[in-house]
Amino acid sequence: MDEKCTQLWQKLSAALKPQVSADTFKRWFSAVELVGATDKTLSFRVPNNIYQYWIESNHMAALQAAILIAFGDPREIKFISSESPIEVSETIDVSRKSDSGRDTKPTSSSSLGLNPRNTFESFVIGPNNEIAHAASLAVAQAPARTYNPLFIYGGVGLGKTHLMQAIGQYVLAKKKNMKVIYLSSELFINEFIDAIQHNNLVKFRKRYRQADLLCIDDIQFLGGKERSQEEFFHTFNTLFDGHKQIVLSSDRPASEIANLEHRLVSRFEWGLTAELQPPAIETRLAILRKKARGMQIKLPDETFEFLANRIRSNVRRLEGALMRVASFASLSGKQLTGEVIEHLLKDILQEEARTSITIEQIQRRVAEHFDVRLADMTSKRRPASIAFPRQVAMYLARELTKSSLNEIGDAFGGRDHGTVLHACKTVKKRMKEQDNIRQTISFIDSSLQR
Amino acid sequence: MKFSATKEKLLEGLQQVQNVVSTRTTLPILSNVLLQASDGEVHLTTTDLDVGVRGSFEAEVEKEGATTLPARRLFNIVRELPSSEIQVDVDGKNAASIRSGQSFFKILGLPEEEFPPLPKFEGAKVVTMRQKDLRDGLRRTSYAISTDETRYVLNGLLFSFKENKLTLVATDGRRLAMVDIELEIPRSQEADIIVPTKAVTELQRLLTDNGDVKVSVASGQIAFDLNKTLLVSKLIEGNYPNYKQVIPGEAKERVTLERETFLNSLRRVSLLASEKSNSIKLNFAKNNIDITANTPEVGEAKESLPVQYKGRDFSIAFNPEFLMAPLRNLTEDEVFLDLIDEMSPGVLKIQTPFLYVLMPMRISS
């Protein structure tokens with residue numbers, strides 16, 4: 001226990017003592033050590049897991065109250081048991097040998113294609129992904145009990161794979177006898193084709209239908225593959241009926257996957273659908289800092305801010321840029337100025353700039369969606385069938401680009417800024433009132449951002 | 001394979017094994033029962049790969065052999081058959097013809113070879129004890145097993161064979177039940193194992209008042225041999241938490257209570273325990289306990305129980321369900337309730353080695 005923790009613990013114990021009986025304190029809390037403290041969490045080491053069970057079940061309210069008194073704000077509480085779990089794994093091996101019916105290969109996370117770095121601990125949580133993270137954690141803690149299936153979707157490099165692998169590893173670590181299967185839908189299709197070719201479909205089915213946890217990444221690739229969809233449909237049903245957990249990920253909502261059968265779409269939407277959105281600036285900064293700590297590199301704050309500011313769309317690219325800057329700094333030893341970084345990341349920054357949306361793209365997309373001519377976007381005509389799509393386009397232009405009201409007005413056939421403002425207000429109002437309009441607009445919005 | 005038996009015998013045999021039958025659809029063979037006819041009796045086996053049961057019934061065996069048939073379906077048919085004499089004839093393709101009186105059924109089975117064999121117990125540690133002792137022990141502890149799947153080591157009953165006694169322990173983090181059964185256990189046969197809930201439940205159904213049970217523990221497996229029936233189960237992997245930590249020190253107050261009277265009072269008062277807080281209060285005064293419950297906006301209940309009590313006045317609250325569970329499962333007339341203060345756990349005891357620790361609930365004054 002280091003100095004800081006000792007002090008905190010003393011403070012906390014003082015607050016805790018009046019909350020519980022003397023006997024309880026002596027019995028349960030005297031052997032507890034505070035081993036880690038941050039602004040959000042406190043980690044306690046307990047001699048063995050009975051302490052954790054008993055404190056969790058009976059003394060949590062007292063502990064929380066004491067924390068509130070001692071530190072002024074609530075913290076998340078974690079327990080670490082000092083009993084080593086290694087003894088357990090030995091006995092498992094022995095029992096596995098004598099096990100008769102089941103496929104008994106001990107599954108290690110690496111053999112499943114799970115990257116050991118992708119755990120819940122290394123996932124940076126922000127407002128853009130907290131639902132997906134919470135749902136994944138709930139699923140990992142109690143598979144098939146809470147959200148089944150769990151459907152995670154979001155753009156490239158936002159953490160879908162990270163979350164799925166974290167679920168897989170968490171389950172493997174906690175419940176060693178659960179059979180976890182993690183693969184991409186592409187691999188699933190390939191294995192299916194292979195099974196048809198070599199005529200061993202039974203083996204193929206057995207492999208997937210006996211899983212306790214099935215994670216399939218990038219499920220959108222199933223679109224258009226009819227036989228694979230059918231096979232997957234049956235696998236899905238078998239697992240679902242057997243109360244086994246299914247986790248799926250995709251780059252778009254199930255209903256938008258092209259050529260996916262309705263019965264599959266409806267099944268995917270059955271459980272919980274969680275969206276991952278691009279991280280906000282604060283989250284991007286947090287990700288950069290965490291990564292930098294993990295890679296043990298030190299960079300000035302301005303550099304972090306520069307990267308977080310300029311690279312918005314994709315976490316993977318953010319990490320790549322960080323890596324590039326860090327290696328440049330350590331190899332050349334030069335001072336990292338704005339220009340140096342700009343030069344270093346020229347291609348990435350250009351790419352970022354290109355993904356920004358133009359008013360023209362918005363007009364084209366909206367016109368296409370409402371089936372009006374592109375020229376109508378700028379024309380003076382204003383029957384309702386044209387005026388509303390035009391207003392939607394103005395609204396989107398206001399939301400998605402940095403253009404001023406005047407610029408938007410100009411792009412829509414020289415209208416003045418009041419017209420644009422009115423359009424935005426009208427659309428917002430109608431979105432609030434009518435579900436179908438909100439859906440339409442968010443659909444166009446997401447298809448533009450892709 | 002061909003045999004005939006009375007309806008009662010066949011039904012009894014099926015009842016013993018059919019609860020284990022798997023509800024998992026992944027392996028169809030697991031919803032079947034294995035029938036092996038030989039030498040005046042038919043053996044029945046079912047398994048879900050975690051728990052397996054093997055029983056038998058007397059029959060006139062005309063032709064020896066073995067097959068597997070859908071267990072639930074067979075059970076339902078046999079139960080409904082009108083006449084007491086039943087004849088079963090299985091052909092080479094595992095289709096069984098069942099005749100009884102005017103009824104005829106044909107059900108399709110699966111070959112015997114597909115049925116997973118029950119594990120072998122070689123080099124196992126063996127202990128023999130009276131069935132009645134084990135049954136009473138299970139009854140007194142099994143209700144406290146945790147159903148919280150995230151604490152999987154608690155989803156079973158600890159069997160601790162040590163120091164010439166078998167200690168059974170169950171806990172869910174709020175309460176703990178423990179029983180000691182005296183036994184001669186050689187040093188070499190000592191073991192600490194966790195038996196999953198399903199096996200405990202099945203075992204309770206199979207154990208009777210008479211006869212012995214032979215318990216064999218091998219790595220990861222346990223078998224209970226009840227002479228005519230055999231139950232085999234996988235063990236829960238992991239270490240059971242150090243339960244001794246939970247048992248409180250010396251008690252300050254002890255009251256002796258008539259079990260049934262106490263239980264009935266609790267049951268009545270708990271009708272008005274609110275679902276949200278779900279607690280009832282025991283108010284101790286000289287030679288009297290007031291049991292009270294109240295739910296705001298619903299009402300309240302109070303019952304007085306005369307007892308021998310000379311300690312100080314104080315109140316303690318418990319979850320009524322947790323307090324009634326052991327009272328329901330004990331058979332003794334008298335129980336002892338040991339208390340320290342309103343924030344320390346209460347302990348329920350009887351004359352024989354049994355212990356039930358229950359955490360009090362916070363009293364909001």
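**View 1. Helices α5 and α6 of chain A cross in a right-handed sense.** In this predicted model, the pair to look for is helix α5 (residues 130-141) and helix α6 (residues 160-174), both of chain A. Their axes lie 9 Å apart and the packing angle is about 25°. Since angles under 35 degrees count as roughly parallel, α5(A) and α6(A) are therefore roughly parallel to each other. From α5(A), the residues that take part are A:Ala132, A:His133, A:Ser136, A:Val139, A:Ala140 and A:Gln141. They meet A:Leu163, A:Ile167, A:Tyr170 and A:Val171 of α6(A). Sorted by class, this contact holds 7 nonpolar and 3 polar residues, with no charged ones.

**View 2. Helices α11 and α13 of chain A meet at an oblique angle.** Here we turn to another helix pair, made of α11 (residues 281-294) and α13 (residues 315-332) of chain A. The two axes come within 10 Å and cross at roughly 45°. An angle that falls between the roughly parallel and roughly perpendicular ranges counts as oblique, which means that α11(A) is oblique to α13(A). The crossing of α11(A) past α13(A) is right-handed. On the α11(A) side, the contact is built from A:Arg284, A:Ile287, A:Leu288, A:Lys291 and A:Ala292. On the α13(A) side, A:Val315, A:Leu318, A:Glu319 and A:Leu322 take part. Divided by class, the residues of this contact are 6 nonpolar and 3 charged, with no polar ones.

**View 3. A:Arg284 sits in helix α11 of chain A.** Is this arginine buried or exposed? A:Arg284 has a relative accessible area of 5%, and because buried means under 20%, A:Arg284 counts as buried. Which residues does A:Arg284 touch, leaving aside its neighbours within four places in sequence? A:Arg284 is in contact with A:Pro279, A:Ala308, A:Asn309, A:Ile311, A:Arg312 and A:Leu318. One of these, A:Leu318, also belongs to the α13(A) side of the helix contact in the previous view.

**View 4. A:Glu360 and A:Arg364 form a salt bridge within one helix.** The closest N and O atoms of this pair are 2.6 Å apart. Both residues lie in helix α16 (residues 359-370) of chain A. They are 4 residues apart there, about one turn of the helix. A:Glu360 is partly exposed, at a relative accessible area of 44%. A:Arg364 is partly exposed as well, at 43%. As general background, side chains of opposite charge can pair when their charged atoms come close.

**View 5. In chain B, Arg205 and Glu202 are joined by a salt bridge.** The N to O distance between the side chains of B:Arg205 and B:Glu202 is 3.3 Å. Why are these two residues separated by about one helical turn? B:Arg205 and B:Glu202 are so placed because they lie 3 residues apart in helix α4 (residues 197-206) of chain B. Have a look at the accessibility of each partner too: B:Arg205 is partly exposed, with a relative accessible area of 42%, whereas B:Glu202 is buried, with a value of 4%.

**View 6. B:Glu321 and B:Arg328 make a salt bridge.** Their side chains meet at 3.3 Å, N to O. B:Glu321 has a relative accessible area of 39% and is partly exposed. B:Arg328, at 36%, is partly exposed too.

**View 7. Three charged residues of chain A are linked in a salt-bridge network.** The members of the network are A:Arg205, A:Arg209 and A:Glu231. For the wider setting, the count over all chains comes to 37 salt bridges.

**View 8. The two chains as a backdrop for the close-ups.** Chain A has 450 residues, of which 47% count as buried. Its secondary structure comes to 20 helices and 8 strands. Among the contacts in chain A with a separation of 6 or more, 71% are between residues 24 or more positions apart. Chain B has 365 residues, and 54% of them count as buried. There are 6 helices and 25 strands in chain B. For chain B, residues 24 or more positions apart make up 66% of the contacts with a separation of 6 or more.

Technical notes:
Residues are numbered from 1 along each chain as its sequence is written. Chains are lettered from A and ligands numbered from 1 in the order in which they are written. This is a predicted model: local features need pLDDT of at least 70, side-chain atom pairs count only at pLDDT 80 or more; totals for chains, interfaces and linings use all residues. Side-chain values use heavy atoms; hydrogens and water are left out. Axes are lines fitted to C-alpha atoms, for helices over the stretch in contact, and angles run from 0 to 180 degrees between N-to-C directions. Angles under 35 degrees count as roughly parallel, over 145 as roughly antiparallel, 65 to 115 as roughly perpendicular and the rest as oblique. A crossing is left-handed if the near helix is turned anticlockwise from the far one by less than a right angle, and right-handed if clockwise. Contact means heavy atoms within 4.5 Å. Ala, Val, Leu, Ile, Met, Phe, Trp, Tyr, Cys and Pro count as nonpolar, Asp, Glu, Lys and Arg as charged, and the others, Gly among them, as polar. A salt bridge is a side-chain nitrogen of Lys or Arg within 4 Å of a carboxyl oxygen of Asp or Glu. Buried means under 20% relative accessible area, exposed over 50%, partly exposed in between (1.4 Å probe, protein chains only).
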